[in-house]
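The following exercises train the reading of a protein model. Please attempt each task before consulting its solution.

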Amino acid sequence: MKAMEKSISFDGRDIRLKVGTLAPQAGGSVVIELGDTSVLVTATRSTGREGIDFLPLLVDYEERLYAGGKIPGGFLRREGRPPEKVTLTCRLIDRPMRPLFPQWLRDDIQIVATTLSMDELVPPDVLAVTGASMATLLAQIPFKGPMAAVRVGLVGDDFILNPSFEEIRLGDLDLVVAGTHDGVVMVEAGANQLPEQDIIEAIDFGYEGALELIRHQEALMKDLGLQLVEEEPPVVDDKLEIYIREAAEEPVKKVLSNFEHTKSSRDEALDEVKGEIAEKIEQLPEDDPLRLAVTEDAKSLGKVFKGVTKQLMRAQIVEDKVRVDGRKLDEVRPISCQVGIVPRRVHGSALFNRGLTQVLSLATLGSPGDAQELDDLHPQEQKRYLHHYNFPPYSVGETRPMRSPGRREIGHGALAERALVPVLPPKESFPYVIRVVSEVLSSNGSTSMGSVCGSTLSLMHAGVPLSKPVSGAAMGLIKEGNEVRILTDIQGIEDFLGDMDFKVAGTDTGITALQMDMKITGLPVKIVADAVKQALPARLHILSKMMEAIQEPNPELSPFAPRLYSLKIDPDLIGLVIGPGGKTIKGITEETGCKIDIDNDGTVTISGLDGEKAMRARAIIQGMTRKIQAGEVFMGRVTRIIPIGAFVEIAPGKEGMVHISQVADYRIGKVEDELSVGDEIVVKVRDIDNKNRINLTRLGIDPDDEAAAREAGIIA
């Protein structure tokens with residue numbers, strides 16, 4: 001392919017597409033750049049494997065620290081396990097790409113995006129999404145594109161396209177919209193309780209930007225003399241499908257219209273119907289084409305039966321406007337909530353049930369030192385709110401090896417985290433690091449939104465002063481021709497056989513998080529808007545049920561949660577508190593049993609289960625860093641005596657010496673004649689020498705100052 005570069009003037013900045021320069025053996029490759037951020041994206045297709053009955057699409061995002069001028073940490077000094085942000089970017093690329101490949105395609109396809117360079121202005125993730133579309137087109141892989149993605153921010157009252165990291169941090173919206181000519185295909189957003197109408201306008205604004213990028217991709221393809229590839233799907237003998245449809249239609253309709261069925265009994269009834277059809281096929285002559293087809297492909301019966309079930313379920317929703325469990329299209333399943341379900345040392349716990357979906361969320365409070373350090377290309381260096389989501393196999397009645405969290409678990413945890421961040425108290429007033437773990441105990445759809453609801457309750461139970469409680473609902477969609485049905489609170493079968501999974505979380509004021517995934521090639525913005533609007537009454541209904549369990553955050557933290565006390569010191573005195581080799585801070589920790597964290601700006605946070613000991617540690621550090629002035633009068637305690645004077649502690653960690661000549665207003669032979677270790681005496685600061693040694697005296701103290709010092713007592 002000949003080298004070519006196309007520059008796109010996009011919202012006042014140039015996006016550059018470069019093809020034919022890098023990765024010549026990949027199926028298709030493109031370098032997409034904005035500012036100093038540069039991402040190489042490749043797409044490669046290889047021959048399909050035998051027995052594959054799904055699209056084996058693999059998406060990788062490689063974030064190299066050289067792109068930001070960094071050397072990786074750790075012993076090996078090379079990139080290891082991908083950080084969470086990398087996994088989320090892989091999902092961001094995969095989600096809008098997957099529905100655009102033909103359903104019949106079974107070849108291995110791999111998309112690899114590598115960040116070559118990154119500045120502090122342009123996030124590379126949305127560039128990688130658009131680059132994936134362009135690389136796939138160049139690889140001549142069958143694909144219902146082009147597709148493009150943009151990020152939308154809200155600063156003040158203005159929407160902006162592809163905002164910088166700083167604009168995202170300061171703004172009230174971080175929204176990614178991906179679309180095709182057919183409509184919106186993916187939405188991902190975090191928002192600061194924005195009204196539904198603002199979110200809808202932002203999606204529309206972003207989609208218009210995506211269309212502009214789509215037109216430029218088409219122009220580049222034309223310049224290269226390339227066209228969209230449209231391969232013919234493999235020829236399938238539909239006799240088996242016709243036979244199974246005729247045999248299954250009535251019994252499957254009967255199962256789907258029996259609203260007394262539970263999830264398990266419905267599955268058993270459908271399996272029974274499928275088994276009866278299999279028996280009929282086995283009774284056919286050995287040379288019958290239908291029996292031979294099932295014998296040669298053991299999965300064929302299951303695939304066709306699943307397709308029939310899908311069509312009948314969708315028809316029931318479109319034509320009868322009733323769902324398999326008898327609910328109306330906008331009806332939420334029964335909800336129950338409970339807090340304090342786990343005893344003692346757990347700081348906060350809650351159980352959230354919605355239908356057969358059950359999520360147990362548990363909150364833990366920690367000190368600032370428990371914050372997660374982020375070793376990646378992005379400006380954020382720490383996270384003080386961590387949300388982890390676990391999906392064990394027993395939650396769906398299955399068995400499988402339990403490994404480390406996969407992309408789905410990381411994605412769902414990040415979505416719940418994003419939904420709750422806008423309502424968390426600021427670090428200045430609540431310096432705790434917060435971790436919530438959502439354990440999915442039973443799953444039948446919308447576990448991520450169940451995690452949002454359960455986590456809100458567990459945080460309130462833990463005493464975290466949320467500004468507002470957050471609830472969430474998952475919306476679905478069935479589209480048959482021009483007929484569209486939006487479903488509220490989808491369950492598993494509706495997610496599996498439907499066209500959309502649209503998760504909406506927020507408070508009674510506005511939206512805090514969105515995530516929309518499609519199984520079709522796009523939806524008009526109007527239908528997306530209708531789904532957003534239909535989610536509002538569902539969220540408010542769920543919120544009212546949550547408030548029956550707990551009205552507001554508990555006024556007191558769990559007795560097993562650490563107590564935090566903070567103070568501000570001069571950053572120049574941090575070394576004094578730490579001491580040589582950490583000796584001083586270790587000594588305070590050993591004496592009080594408290595954990596001490598010091599930020600570079602001089603913020604000191606002390607945490608401990610014993611409040612009195614934490615206050616003691618705070619007083620010691622205050623005393624060490626207090627600026628003592630000549631002339632100040634203190635009530636102090638004698639700590640040791642030497643021949644030439646006595647040392648007196650006038651504040652925690654602050655000692656001065658009273659010379660023997662300053663002990664009394666008359667001549668004394670020995671210091672011990674007047675003072676003993678442990679005596680409490682009033683002293684005045686004479687001066688502080690050039691080595692910061694404090695010289696004290698008992699002479700010439702004003703009676704009023706002495707009375708005030710005695711009344712104040714010894715500084716604790």
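**Exercise 1. Locate Ser 446 and Asp 489, and describe their backbone and burial**.

Solution. Step 1: Ser 446 lies in the loop between strand E17 (433–442) and helix H10 (residues 447–462). Helices (H or I, at least four residues) and strands (E, at least two) are DSSP runs, numbered from the N terminus. The model is predicted: local features need pLDDT of at least 70, side-chain atom pairs count only at pLDDT 80 or more, and totals for chains, interfaces and linings use all residues. Residues are numbered from 1 along each chain as its sequence is written, and side-chain values use heavy atoms, with hydrogens and water left out.

Step 2: The phi angle of Ser 446 is near 65°, a positive value in a residue other than glycine. Most residues other than glycine have a negative phi, and most peptide bonds are trans.

Step 3: Ser 446 has 10% relative accessibility and therefore counts as buried (buried means under 20% relative accessible area, exposed over 50%, partly exposed in between, with a 1.4 Å probe and protein chains only).

Step 4: Asp 489 is placed in the loop between strand E19 (483–488) and helix H11 (492–497). Its phi is near 55°, again positive in a residue other than glycine. Asp 489 is buried because its relative accessible area is 0%.

**Exercise 2. Which residues does Thr 456 touch, leaving out residues up to four places away in sequence?**

Solution. Step 1: Thr 456 belongs to helix H10. Step 2: With 0% relative accessibility, Thr 456 counts as buried. Step 3: The residues touched by Thr 456 are Leu 420, Leu 466, Pro 469, Val 470 and Met 546, where contact means heavy atoms within 4.5 Å.

**Exercise 3. Is Gln 515 buried or exposed, and which side chain does a polar contact join to that of Gln 515?**

Solution. Step 1: Gln 515 is part of strand E21 (residues 511–518). Step 2: The relative accessibility of Gln 515 is 2%, so this residue counts as buried. Step 3: The side chains of Gln 515 and Glu 188 are joined by a polar contact of 3.2 Å. A polar contact is a pair of N or O atoms within 3.5 Å; within protein, one must be able to donate a hydrogen and the other to accept it, and residues adjacent in sequence count only if both atoms are side-chain atoms. Step 4: Beyond its neighbours within four places in sequence, Gln 515 has contacts that include Arg 91, Arg 95 and Asp 501.

**Exercise 4. Describe the surroundings of Gln 382**.

Solution. Step 1: Gln 382 is found in strand E15 (residues 382–383). Step 2: Gln 382 counts as partly exposed, because its relative accessibility is 36%. Step 3: Not counting residues up to four places away in sequence, Gln 382 touches Ala 371, Gln 372, Glu 373 and Leu 374. Step 4: A polar contact of 2.7 Å links the side chains of Gln 382 and Glu 373.

**Exercise 5. In which sense do strands E4 and E6 run, and in which sense do E5 and E6 pair?**

Solution. Step 1: Strands E4 (residues 37–46) and E6 (residues 108–117) run antiparallel and are joined by nine bridges. Two strands pair if DSSP finds at least two bridges between them. Step 2: Leu 40 has Thr 114 in E6 as its bridge partner. Step 3: Strand E5 (residues 57–63) pairs with E6 in the parallel sense over seven bridges, and Leu 58 stands opposite Gln 110 in E6.

**Exercise 6. How many aromatic pairs are there, and why is the pair of Tyr 389 and Phe 391 stacked?**

Solution. Step 1: Rings of Phe, Tyr and Trp (its six-membered ring) pair if their centres lie within 6.5 Å; planes under 30 degrees apart count as stacked, over 60 as edge-to-face and the rest as tilted. Step 2: By this rule there are four aromatic pairs. Step 3: The ring centres of Tyr 389 and Phe 391 are 6.4 Å apart and the planes stand at 15°, so this pair is stacked. Step 4: For Phe 430 and Tyr 432 the centres are 4.8 Å apart and the planes at 40°, so this pair is tilted.
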